[in-house]
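Please open the structure in a viewer and keep the selection panel at hand. The tour below moves from one element to the next and states what may be found at each stop.

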Amino acid sequence: MSESIIWRLNVFQKAKQLVAFGLAVTALAGFHANAITPTPQMLEQFKNLPKSEQEKLAKQYGVDLGSFSGSNASTKLETPLLVKPREQGINSSDSCLNRDAYQKLNRYEKKKYDLRKKEDSTVKSGVEQVDSDTKLYCRTDISLPGLASVNEEKKERELKFFGYEMFASSPTTFAPVTDVPIPSNYMVGPGDILNIQLIGKESAEYSLTIGRDGNIQFPNLGPISLVGLNFEQVRNKLIGKVNETMIGVEANVSMGELRSIRIFITGDAYQPGSYTVSSLATITQALFVSGGLNEIGSLRNIQLKRAGKIAATLDLYDLLLKGDASGDRRLQAGDVVFIPSRGGHVSVSGEVLRPAMYEIKQGETVQQAINMASGFKPNAFTEGVNIQRFNRNGLTSVVSLDMTTISGKKLQLKNGDFIRVDQVSERVENAIEISGSAIRTGQYQWRKGMKVSDLLTSVRGSLKANADLDYSLISREINHRGDIEILQFSIGNAINDKQSKDNIELQPRDSIIIFEYADRAEQLEPILNKLSQQTRHGQPAKVVEINGNVRFPGYYPYAKSSRIKQLISAAGGMEEGSYTRAAELTRQVILPDTGVKVLHSQLNLNGVMENDSSQNIKLQSRDVLTVRTLPDWQETRWVTIKGEVHFPGTYSIQRGESMKDVIERAGGLTEDAFPFGAVFLRASVKEKEERELVQLADELRREIAAKALTKDGATIGFQEAQLMLDQLQNVEVLGRLSIDLPSIVTGQQSSDIVLEANDELLIPSRNQTVSVMGQVQYPSTHRFISGIEFDDYLAKAGGSRKRADEDRAYILRANGSVIFPESNWLESGTKMMPGDTIVVPLDTEYKDRLTLWQQVTSIIYNSAVAVASVARINN
C-alpha cells in the first residue's frame, strides 16, 4: 500500500470522527440549551462522505439526513415569523380601555372615550382585568346605569365588516417553504436547483443550479440553456439530451431548492413594503406575509401589477364565500400587489345567518348581498325586506322589497344601503294550544273536523291527577284584532263520551285550558284581563260572578250560551250546607233612557241541577249569582273537658248548647272534683286580652314619652323603658273566663253559660291549701283549716315586709275572682276558702325614715322662716 493511499485513509477516518462528533452534538441540541452547533466545515466534510457513510452516521445518531443536504430526503418544514401579530385590545370599537390602550389610539378615536370609574361601567375592559380602583376610558355610546340605553337601531348598525378577521391574527402559515409540490407549468429561472439522477450503465447524482444566464453546467454534456422554459419542458429537454448522448443511461429530473423572488405590496396593506417570498408564492400568500389589509383596504379589488400594467385582479370574497382560489395568480420577481381603498358597502342586519357590512361592486343586487350574508334564517320575513338608503337630497328614504319576486331580487344596491330583514310573526296559523293541568301541553296541528277528544284521548293518559274534569275552557279568536270568546265544557264528558256536546269541534288557533281543581285563579287572570280590555264601545265586560256557599267564589269568564248550572260547575260546585231552594240572581239591565236597572230574581237550585229550563236560565254579562247557606247551618264545633269528670275528652256541640249539658254528656263530676277551682278558657276572650295588652303597652309608651318631656320626677332610660314594654307585650294570656261551676252543676240557669267552638274546661281535684306570696317574710303554702282567717294566714308567713303595701293586699280565689280583705274592725275577719292565694304587693311610694325625716325637717324649717319674715314685717 502506497503512502498516498495510507494518508488518504487517515484523513478519511479523522473526517468521519469529526463529523460523527458534530452529529452527536446536533442530536443532543434539543436537550441542552447551550449545545454547540456544527460548523460549516463539519457539514461540508459530511457532504463529501459517500452516501452509504452519510446514511450510516445519520441512523447511528438519529439525525434527519435531509437537514444537512439539498436532496429529496424529508426535511422539517418550519414557518418563519415574518410579521408580528396585530396588537389586541386597542380597537376603537372596544367598550372600555385601560390607560395604556387608550394612549395608543389616535386623537380622533380618543374623542369617543370618557374617563369613568370601573364600577360605573356595565362592561369590563377588553384589554385586561383591572383593579376596582383603576380608571377606565369608556365609550360615550355604551349603556351605563342611570343613563338612557342605546337605541336598538343604533345597536343594529354597529356591525363589523366581513372578511377582515381573516388577517386579524397575522403572521400566518402562508410562508416560504422549500419542499412543496412543483406544478408542471412552473417557469424555472436563475437560482433554481435541479436534482438529476442517472441510472443504468453509469450511475450518478447531480444538483445543478441555473445560472444568471439561464444555463446549467451538466457534467460531460456542457452548458444547457433553459431560458423561457417551464419545469415540464426542462425535464423533457434534459431527458432527451441524456438519451441522445449517453447510451444505456436513463435520467430522472426533479426540482431541488427553489429560488426566492422580491415583490412589492403597496396601498392599504397592514404593513406595505418589499418582501422576499418563494417563487411559488401567490397573491394571497403575499397578503398573509405582509399581515393582510388595514381597516379601509378593499377585499374585492386586489390588483397584481406587472411591468406597470394590471396583470390580474383578485376578489377575496370568491375565496371566503365560495372557496374559489382560481383567481389567485402566482407571483414573479418584481410584481406589485396593490390594495386600493374600499369601495361601496352595504349593511345587512336582522334575520340573516351572518349579519355584517359587505363591500359591493358596481351593479350588484340585493339578492347578492343576502347571499353574502349566507341567506335568510328560517323565520325571516322575506316579503317585507326594508332598505334604508340616502337620496339625492341627503335624506334617508326607505325601500320595501318582496324578496320572493324577481324584481325584488334584482334591485341594484347603492353605497351605504342598510338592509333590515325582520322576522315573521310569532302567531301560529294552524295550531291548537293545550295548557294547564294536561300531561302534554303545547301546540298541536289543527285538522279539519278535529274535536277535543282527538287531542286528549284518555283521562289517565292525557290529564294530570289534579285536573278538574267538570270545568274546562276553550279560548277562540273571533276577529283579526285578537278578540276572544269563551266556550265552557266538561273535559271528562268530552273524553268519555265522544258524542256529547262537550266534545266541541275545534277551529284554528283555539286554546284549550285544563284547570287544576284546587287552584284556578292564576289561570283565569289573563283570560279575565283580555275580556275586560276588549270592551271598546261601552259594552259590559263578558264576565260573571258567583259568591256565597260555593267552593271557589269569584269572577269567571262569560261562556257563550252558558247557563246557571255551568257557572256553579265553574265555581267547583256548592259547599255542604247550601240552601238549594232559593238562590239569588242579580242582573243589570241597560235602559237607553233611564240608565241601568238592577233586577233580583230567585232560583231553585234543585231545578237548576236537574236542568229545569225555567230555573237553569242563560247567563248574561255581569250577572251575579249568590248561593245561600242553610239557616242555622254550622260547621262541626268542638269543646274539650279535662280533669275530674267521668268521661273527659272532646265533644261536638251544636248552637245554643250549654256547659251543664256537656258536663252531663261527660258523665258528671267525680267525687274528687273541685268545681270551685274550675278553669274555663275561651278563644274569643284570649283574643280580647291580647288586644287590651297591646293597647296597654301603647298607653304606657305614651305616658313614658310624656313623662320624659316634664322636669318633675325621675325618668327611666330609653333601653329600660323599651325592655319593660317588650316584656309587657310578651306576657302570655290565657283567655280565662271566671265561672261559677258549683251553681252550674246544681242547675242554676242564671249561672250556666252557652259554649262556643274550641272552649276548654279543666276541673281540678280537691285543693286543701292556701298560698301566701308577695311582700311577706316567707312566701309559702299552708294547709287549709276551716275557721282560719286572712290575718292568721298572713301571720303564718311571717307578716308583711317593710316595703309591703298592706292596704292593697288581695285574695285570688280558686275560680279566678279577686276580693279584698275586710278592714272594718266592727266585722269579723275575712273567711278563707280552699285554693285561695293571698297576694301582698310592693309599696311603690315607700320612703325610708331618713328620707322622711329630711322632708319633715325641711317643712318645719321653711315654716319657721316664713313666720319670722311675717313677724319682722309687722315690727
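Begin with helix α15 and the strands around it: the buried residues of α15 pack against β21 (467-477), β22 (484-489), β23 (511-516), β24 (543-548) and β25 (554-557). The model on display is a predicted one.

**First stop: helix α15**

Select residues 521-533, which form helix α15. The helix comprises 13 residues, and the distance from its first C-alpha to its last is 18 Å, close to the 18 Å expected at 1.5 Å a residue. Next, show the side chains of Leu524, Ile527, Leu528 and Leu531, the buried residues of α15. They lie on the same side of α15, because the arc that they cover around the axis is only 105°. Which exposed residues does the face turned away from the buried side of α15 carry? Colour Glu522 and Gln533 separately: these exposed residues are found on that face.

**Second stop: the five-stranded sheet**

Extend the selection to the open sheet of five strands, whose order is β25-β24-β28-β26-β27 and whose pairing is mixed. Its edge strands are β25 and β27 (595-603), each of which pairs on one side only. From one strand to the next, the twist averages 20°.

Within this sheet, β24 and β25 run antiparallel and are joined by four bridges. To inspect this pairing, select Glu545 together with Tyr555 in β25, which stand opposite one another. Helix α15 now returns to view, since it is one to examine against the sheet: α15 packs on the sheet and touches β24 and β25. The direction of α15 makes about 70° with that of β25.

**Third stop: the three-stranded sheet**

Move to another open sheet, one of three strands in the order β5-β4-β8, with antiparallel pairing. Strands β5 (204-209) and β8 stand at the edges and have a single partner strand each, so one side of each lacks a neighbour in the sheet. The twist here averages 20° from one strand to the next.

Select β4 (residues 193-200) with β8: the two strands run antiparallel, and seven bridges join them. Two residue pairs merit labels. Leu198 stands opposite Ala251 in β8, and the bridge partner of Ile199 in β8 is Glu250. When viewing side chains along these strands, recall that in a regular strand the side chains alternate between the two faces of the sheet.

Add helix α7 (residues 231-245), which packs on the sheet and touches β4 and β8. Its direction makes about 160° with that of β8.

Is strand β8 largely enclosed or left open by the rest of the structure? Select residues 249-255 to examine β8: five of its seven residues are buried, so the strand is largely enclosed by the rest of the structure.

**Final stop: the whole chain**

Return to the full view and display the secondary structure. The chain contains 23 helices and 37 strands. Of its 875 residues, 36% count as buried. Among contacts between residues at least 6 apart in sequence, 61% join residues at least 24 apart. With the surface displayed, note that the chain exposes about 52300 Å², of which carbon and sulfur atoms supply 50%.

Methods:
Residues numbered from 1 in each chain as written. Predicted model: local features only at pLDDT ≥ 70, side-chain atom pairs only at ≥ 80, totals over all residues. Heavy atoms only, no water. Buried < 20%, exposed > 50% of the residue type's maximum accessible area, 1.4 Å probe, protein only. Pairing = 2+ DSSP bridges. Expected span 1.5 Å × (residues − 1). Arc of directions from axis to C-beta. Contact = heavy atoms within 4.5 Å. Areas by Shrake-Rupley, 256 points an atom, 1.4 Å probe, with all protein chains shown as cover. Axes fitted to C-alpha atoms, helices over the stretch in contact; angles between N-to-C directions.
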